[in-house]
Amino acid sequence: MGEPVLSVRDLTTSFRGPQGWTPVVKGLSFDLKPRETLAIVGESGSGKSVTALSLLKLVPEANGRVEGSALLGGRDLVSLPEAEMCRIRGNEIAMIFQEPMTSLNPVLTVGDQISEALILHRGMDRAAARAEALRILDRVRIPAARERLDEYPHRFSGGMRQRVMIAMALACRPKVLIADEPTTALDVTVQAQILDLIHSLQDEFAMGVVFITHDMGVVAEIADRVLVMLRGDKVEEGETTQIFDRPAHAYTRRLLAAVPTLGSMRGEAAPKKMPDFVEGDESASPAAAPGHAPAYHDEPLLEVEGLTTRFEMRSGLLRRVSGRVHAVENVSFSLARGETLSLVGESGCGKSTTGRSILRLVEPLAGSVRFEGREAIGMGGAQLKALRRDMQMIFQDPYASLNPRIPVGRAIAEPIVVHGLAGRREAEERAAGLLEKVGLEPGMAARLPHEFSGGQRQRVCIARALALSPKLIVADEAVSALDVSIKAQVLNLMLDLQSSLGLSYLFISHDMATVERVSHRIAVMYLGEIVEIGPRAAIIENPQHPYTRKLLSAVPVPDPARRGARPPLPAEDLPSPVRAPDFVPPERIWRTVSQGHLVQESS
Amino acid sequence: MPARRKFIIMLSFLIRRIALALTTGFVVLTLVFVVVRILPGDPAQVILGDMASEESLTALRQRLGLDRSLPAQYLDFVGGALSGDWGESMVTGRPVVTEIMTVLPWTIELTVVSLLLGTAVGVPLGVWAAVNRNRAVDYAVRVVSLLGLSFPAFVSAVILLLAFAIQLRWFPVISARSGSVGAWFQSITLPALSLGLIMAAYITRVTRSAMLEVLSEDYVRTARAKGVPWPAVVRRHALRNALLPIITVVGLFLGIQIGNSVLTEIVFNRPGLGKLIVGALNQRDYTMLQGMMVIYTLIVVFVNMLTDIAYGLADPRVKLQ
Amino acid sequence: MTHAALPGAPRGALRALVRVFNVNKTSWVGLSILLAVIVIAVFAPLFTAHDPLAQDVTHQLSGPSVEHIFGTDEYGRDTWARLIYGARVSLAVGIASTVIAMLVGSAIGLLAGWYGGRFDAVMMQIMDVLLAFPSLILGLVIVAMLGATTPNIVFAIALTSIPPFARIARAPTIALKERDYVEACRSLGYSDARILLVHILPNIAAEIVVMGSLWLANAIRTEASLAFIGLGIKPPTPTWGGMIRSGFENILDSAWLAVVPSLAILIVIFALNLLGDGLRDAVDPKLKNEV
Amino acid sequence: MTRSAFSAAVAFCMLAAPAVAQEPKRDLVVATSQADAGKLDPHLASAGADKGVLNWVFNALVRIRPGETSPEFIEPDLAESWTSSANGTEWTFTLRQGVECHGGYGEFTAEDAVYSIRRAANKETSAFSGDFAALDRVEAPDPYTVKVTLKTPIPSLLGLLSNYHGGLMVCGKAAEKLGADFSTHPIGTGPFEFVEYLPQQYIKLKANVAYFRGTPQLDTVTYRYIPSDATRDLAFQSGEVDMIFGRQNNQWVERTQAVPGAVVVGMEPAELNSLYLNKTVKPLDDIRVRQAIAHAIDRKLMVAFTGDKVAREAISVVPDGNLGVVDAGLFPYDPEKAKALLAEAGYPDGITLKTIQSSLPVLLKIMETLQADLKKSNITLDMQVVDHPTYMADIRKDLSQVTLYQAARFPVADVYLTQFFHSRSTVNTPGGVVNFSHCDAADAEIDAAKRELDPVKQKQLWKTAQEKIVADVCAVPFSEQLVVWAWNGALDLGYDLQGSLNLVPQLTEQTHFTK
């Protein structure tokens with residue numbers, strides 16, 4: 001492989017805060033060879049993203065400082081002046097970011113955004129740059145690239161946007177590509193496509209890739225070497241197989257242990273807690289035995305039948321309905337007390353809308369939702385308010401689901417007061433208790449949400465949901481945005497609460513490995529419909545519907561030995577759930593595979 | 001999107017907005033009729049002057065139709081308005097439409113030019129301040145823009161006249177001249193400067209805060225990672241995204257400004273709607289006031305429509321609803 | 001703990017305020033200026049030996065001097081005395097009307113943004129019409145129907161200032177409505193009123209307050225233009241707007257008469273602005289501050 | 001300080017201006033303070049600025065000599081001569097021959113004169129029909145003779161038919177042909193003819209080459225509407241405007257006089273400022289209270305406020321310079337006496353009077369000074385400031401206890417006395433005009449003077465009337481304000497300007513620039 005293309009020595013990045021300069025990356029050194037993929041793994045705050053920004057000198061100058069050296073083609077990037085750095089960025093070293101939704105400029109066409117780097121670095125004229133941009137769009141396998149060149153980013157799906165980002169980064173054939181969590185925000189099937197793409201382009205362009213991620217499954221899939229970071233320090237570096245098979249550092253071991261692995265629940269009857277992620281304690285502690293088992297023989301807590309939610313799209317002079325989004329189409333299931341039913345599927349499949357329709361946060365068009373035998377659809381006023389005591393929701397983004405201006409203690413106490421369960425003083429005492437229950441200190445009640453980490457905030461959200469002692473919690477991607485270790489803690493908390501309080505969960509997620517860990521039963525959604533539903537083991541081990549199979553096969557496996565085992569997926573978006581106004585959904589035929597395991601016959 | 005489809009969307013948007021404007025216009029018509037008659041004061045008195053006796057005033061009121069019942073007057077007024085007959089000014093006897101149309105171009109011209117000027121000054125200043133947040137430049141720009149906000153238009157107008165028309169003699173004092181491009185330039189510059197500087201003050205502030213927001217967006221980082229030099233990042237990537245709030249404020253200002261430039265019109269002695277309406281008010285010229293206020297409403301509605309279209313042009317995500 | 005909580009609360013509030021101001025040090029400057037202006041206005045007699053109403057024909061339009069630091073007006077009245085006495089009425093009327101416009105405007109904007117649909121369309125259309133009505137005519141109608149009292153002046157100024165505030169409040173409400181935490185509030189069974197007042201309003205308040213600080217200058221000046229149609233403070237009570245207006249008549253002879261009160265307005269809105277900016281920085285939830 | 005700096009700046013500008021004009025200018029630009037033209041129909045125009053410009057376009061049968069305001073100076077205009085019957089009810093005018101109407105509308109004949117007078121007397125077409133109440137018939141026995149018959153004799157028929165208000169003569173054919181458009185296309189016989197009108201900008205006139213007194217020496221006259229005082233001043237300083245309407249205070253006069261070559265004139269008719277006291281309401285129904293007010297107003301101070309260059313003390317309830325005015329012995333300024341009178345009337349702590357006041361700066365300033373002045377005698381004015389049209393309407397509805405009013409009338413004492421002090425003119429009555437005081441102290445004398453044909457006896461009656469009104473304190477007159485104009489010294493009006501009834505200097509065929 002020869003000389004390293006990028007050679008980093010003693011990279012130290014510090015930020016100025018109220019207490020002076022604080023180093024965030026501490027003396028990091030590594031080499032990157034051409035065609036090599038180096039994964040930098042770590043959790044939030046480990047300094048992995050700052051490392052990437054430091055290499056491109058994108059750390060804000062006003063309060064950031066980069067020291068050390070980073071040699072690229074004989075030049076030290078760290079000491080290069082801004083003007084020269086501009087000629088290198090996007091040209092010799094390029095970067096793609098985590099959030100494809102916000103990383104593209106919404107007011108420029110994708111063609112313009114790709115051409116820009118070509119015009120800047122290759123001195124092309126507009127026409128030549130455009131032609132080249134088209135070629136690259138083809139290269140990143142965007143269907144109908146010629147038409148899409150002049151479209152704006154908002155008309156692209158997340159996966160397609162990430163392809164555009166890649167096209168943009170690779171337009172000038174850089175020697176080094178830094179990919180900062182490029183697939184974290186994407187659905188599993190799309191993630192698999194993007195990883196394939198990066199891999200094939202890397203070969204073609206002979207690039208070195210620095211791949212920053214927290215997902216060990218992804219690491220196993222693509223990395224040649226792995227560098228593990230913890231709080232700004234490199235704790236371990238080595239070949240991928242070596243890291244996975246013989247992790248030297250305790251932190252690495254814990255990290256690996258915390259990753260839910262699809263198929264690891266084979267033979268387990270009930271959901272099982274993750275190994276506790278406690279520093280110093282490396283023995284994975286087994287799960288406590290569940291207190292409550294699902295009460296299948298009682299009347300179900302929740303029965304959903306024929307739930308249908310559609311959104312109208314209007315256009316034209318008279319604002320006539322020109323189409324409908326069939327977000328939820330004839331969905332039926334039931335949920336027992338103490339049971340966890342997972343709704344899985346990809347973005348836009350209607351799983352979130354199903355949850356929100358049940359809670360009446362959106363008004364369903366048809367169907368019935370019976371909660372403890374009472375019909376929830378059509379309830380109003382006081383009844384609805386009472387219903388909402390029993391059904392609570394936890395949202396995906398713990399940053400967005402707390403009011404930034406209200407101390408968490410008050411946020412937890414508020415529903416108690418609003419529902420008249422207690423006076424303010426007592427409510428605040430209860431809030432303190434709830435904080436304790438979710439593993440936070442009662443003294444934190446006075447703090448504002450931004451003073452908490454993501455995992456802590458999600459605990460606050462759970463505490464708030466528990467404040468009304470609900471019977472059902474709809475957890476909408478409640479752990480998807482959390483770091484592995486935090487994710488494990490929050491999941492364990494949820495399982496503990498279920499066993500101690502007998503809660504039922506409607507667990508909405510796109511992460512199959514997590515779903516396997518926590519569910520009693522699983523329902524797979526596709527284009528607004530449930531295509532397969534059944535006990536957890538049946539769905540994971542004996543998937544019947546082609547979509548379920550596709551979903552399962554796309555999940556990265558944290559085992560480098562099994563790399564490349566799965567067939568490449570074609571680059572395509574999910575079909576759209578938008579239908580013509582006169583569309584009548586076809587009758588569906590269900591086939592029973594085994595007891596409780598139903599699958600929709602594909603038409 | 002094919003051009004034809006775009007055109008149809010735009011057309012149906014326009015038609016719907018115009019229909020809405022007409023409904024509003026009708027409500028305003030009624031409101032205006034009532035309001036005008038609530039005003040204290042008597043047009044007959046103003047027309048005949050202070051020597052008129054009560055008898056001649058009564059006669060004139062009769063002739064103007066002011067003695068008839070309000071419903072009868074209202075029906076007449078609405079009927080006329082709908083058939084395009086706005087009547088004649090009670091004071092000058094000239095048709096209301098003619099009076100308004102003679103001065104409207106002056107007002108539009110002044111508003112548009114000062115708006116362009118305000119934008120041309122305000123946007124770069126706001127960007128400059130945002131890019132240099134909390135440095136001396138930022139503070140200086142903010143103070144200057146506050147100066148523009150707190151000084152009344154006529155004070156700055158007189159200062160401009162003293163400096164450029166009296167001391168330097170570059171421009172005439174009386175700006176209402178027409179004819180050649182040079183003369184037009186001479187006549188528009190100072191008034192547009194006077195109004196434009198105030199607009200610039202507002203626009204500067206909005207641009208600054210919008211830019212601060214946008215500069216922390218992910219796509220700005222993306223652009224830098226592509227190697228786009230900082231000035232181009234600011235111009236091409238950040239500024240275009242900061243346009244929406246700027247358009248909002250410009251639209252709001254445009255609506256307010258068309259009605260409120262009377263002091264500028266007076267000091268620079270330009271014809272304009274502001275002077276016309278103040279005159280009509282001082283003379284209790286009912287017909288004129290009615291026509292003027294309907295025009296004002298239509299202008300505001302029209303400006304809002306323009307704002308919406310500008311939104312659509314500035315941001316491809318905005319759909320014309 | 002319960003014992004200490006009671007006396008501790010105001011101190012805690014004060015400390016919170018200090019913390020707020022320390023985020024943006026310039027807020028202190030703004031606060032000091034504003035306090036100084038208020039002190040001077042309230043204790044005006046201590047800051048001048050002149051009677052703001054005393055006319056003196058022998059000193060008409062005299063320029064700044066030791067005796068009259070900002071000169072005299074056309075009645076020979078001391079400009080400085082009128083300025084500091086005038087601060088009382090001008091600030092009271094300006095602040096009262098701006099606050100009312102802020103409250104009503106934000107309420108309309110909040111409700112329109114929250115409920116959307118037809119209600120939104122109608123409310124915004126009403127705002128447009130209000131915006132189109134020249135303030136002089138609105139003022140005249142108010143005089144005719146309600147009479148020319150000081151509360152009505154405040155009302156008239158507030159009325160003309162409502163539409164901008166409604167618009168400023170509406171846009172972020174629409175944005176916040178989509179936020180998860182608002183959705184969470186609904187799922188917790190909170191009433192609309194509670195969500196709007198406790199969970200949305202505080203998050204858009206900073207924008208509105210900053211706008212309000214800019215609008216104050218307008219309100220102070222509008223008092224003067226309403227005086228022209230009889231809806232103003234009765235003479236001879238001095239007001240800043242009135243001083244600017246009559247100063248304009250003598251602008252070629254005695255420019256200071258219009259400039260001095262304009263500068264006073266500048267100083268006040270500058271101070272308010274520093275405060276407002278500070279407030280905005282302080283309550284910024286720093287959602288984006290992780291690197 | 002600032003002023004001297006300013007004058008220096010102005011002087012600098014004047015020096016910098018190129019002094020090349022060898023040929024005298026032939027185009028005049030005049031600026032008025034009005035914002036726009038009202039009706040340009042001489043029988044409908046009531047605003048001074050409109051009447052002024054119409055006087056350059058129209059003639060009357062007789063005119064007051066340019067530069068004068070008193071009816072004593074009446075001289076022939078379109079009529080060469082006139083005679084009247086002994087009882088003063090029949091008047092015969094002989095017209096000048098060969099007078100051409102503007103715009104090719106033919107010769108001005110007795111038909112046109114009869115048309116004009118009937119038009120002016122018709123309340124449908126004229127704002128001045130009330131003045132012609134005594135008119136019985138008007139006929140044209142031949143093309144150059146006009147015969148006017150009155151129902152009763154009136155003090156000044158010649159005044160009525162002079163170049164003021166309804167006396168202006170329109171060309172009948174033009175008025176008929178243009179109809180409603182006539183009010184934007186005035187057609188007369190005067191030295192200048194109408195060219196164009198641009199709203200809110202100007203009226204342009206050109207010389208009437210066929211003018212019967214000779215071709216005017218100016219080619220064009222532009223009459224500009226410049227409502228901003230500052231702008232008008234600056235335009236005058238920059239030389240863009242040759243003649244401007246001025247402001248009524250000494251500061252303005254002094255500053256404008258400092259402009260090199262500028263001529264500033266305070267001219268007649270003076271407008272009389274009086275405070276009218278409503279005798280019918282408490283506490284003003286007590287004459288001691290009214291006397292107290294009269295003693296409380298310092299006329300010297302009121303003059304000093306605007307300045308002696310533009311104002312003078314009032315001498316009677318009728319403006320100085322009117323035919324028949326006398327020094328009526330106004331009350332001397334004596335605040336102590338005022339307080340004593342108030343105490344005597346039962347108001348030892350003073351009184352508060354409600355007044356409706358126009359927000360027009362000219363009036364408001366006087367009232368604010370008056371307010372401070374009266375305060376010294378414990379009289380408080382509770383001023384309700386309203387806009388001018390509201391003020392005009394409200395004071396006529398009798399809503400104000402005391403009313404400040406500023407006016408000039410046709411300068412014969414009869415007009416002022418009748419409109420302001422005759423009980424027939426009491427406000428809020430069918431014949432009401434501007435008798436805000438409900439004054440009836442001298443009805444008999446005023447009526448007798450109207451019928452009296454002997455000028456000496458007539459003047460005696462007017463004298464008694466004035467003295468009675470002053471004694472009854474219907475009104476407290478305090479100052480008179482002159483109309484101020486300034487012009488470029490190179491302009492020669494062609495006559496000596498003492499005043500102009502229309503408040504705008506008359507332009508004649510003689511008016512020209514000397515350089």
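Of the five pairs of chains that touch in this predicted model, chains B and D share the most contacts. On one side of that contact sit 47 residues of chain B, and on the other sit 50 residues of chain D. Together the two chains bury about 4100 Å², with carbon and sulfur atoms making up 56% of that area. Three residues stand out on the chain B side: B:Asp50, B:Met51 and B:Arg94 bring in 16% of the area that chain B buries against chain D, more than any other three residues.

As for charged pairs, chains B and D have one salt bridge between them. The partners are B:Arg284 and D:Asp387, whose closest N and O atoms lie 3.0 Å apart. Polar contacts add to the picture, with 10 residue pairs counted between chain B and chain D, both residues at pLDDT 80 or more. A good number of helices take part on the chain B side. Helix 2 (43–48), helix 3 (54–64), helix 5 (96–131), helix 7 (153–167), helix 11 (262–267) and helix 12 (273–282) each put in at least two residues of the side that touches chain D. Sorted by class, that side of chain B comes to 25 nonpolar, 11 polar and 11 charged residues.

Chain B also meets chain A. Here 32 residues of chain A are in contact with 22 residues of chain B, and the two chains bury about 2500 Å² between them. Carbon and sulfur atoms hold 58% of this area. The pair has three salt bridges. In one of them, the side chains of A:Glu116 and B:Arg236 come together at 2.9 Å, N to O. Polar contacts between chain A and chain B number 12 residue pairs, again with both residues at pLDDT 80 or more.

On the chain A side of this contact, helices are joined by a strand: helix 2 (82–88), strand 6 (93–96), helix 3 (100–103), helix 4 (110–122) and helix 7 (158–170) each give at least two residues. Helix 4 of chain A gives the most, with six residues. The side of chain A that touches chain B breaks down into 17 nonpolar, eight polar and seven charged residues.

Chain B, then, touches both chain A and chain D. Chains A and D, on the other hand, do not touch each other, and their nearest C-alpha atoms are 42 Å apart.

Definitions and conventions:
Residues are numbered from 1 along each chain as its sequence is written. Chains are lettered from A and ligands numbered from 1 in the order in which they are written. This is a predicted model: local features need pLDDT of at least 70, side-chain atom pairs count only at pLDDT 80 or more; totals for chains, interfaces and linings use all residues. Side-chain values use heavy atoms; hydrogens and water are left out. Contact means heavy atoms within 4.5 Å. Buried area is the accessible area (1.4 Å probe) that two parts lose on being put together, summed over both. A salt bridge is a side-chain nitrogen of Lys or Arg within 4 Å of a carboxyl oxygen of Asp or Glu. A polar contact is a pair of N or O atoms within 3.5 Å; within protein, one must be able to donate a hydrogen and the other to accept it, and residues adjacent in sequence count only if both atoms are side-chain atoms. Helices (H or I, at least four residues) and strands (E, at least two) are DSSP runs, numbered from the N terminus. Ala, Val, Leu, Ile, Met, Phe, Trp, Tyr, Cys and Pro count as nonpolar, Asp, Glu, Lys and Arg as charged, and the others, Gly among them, as polar.
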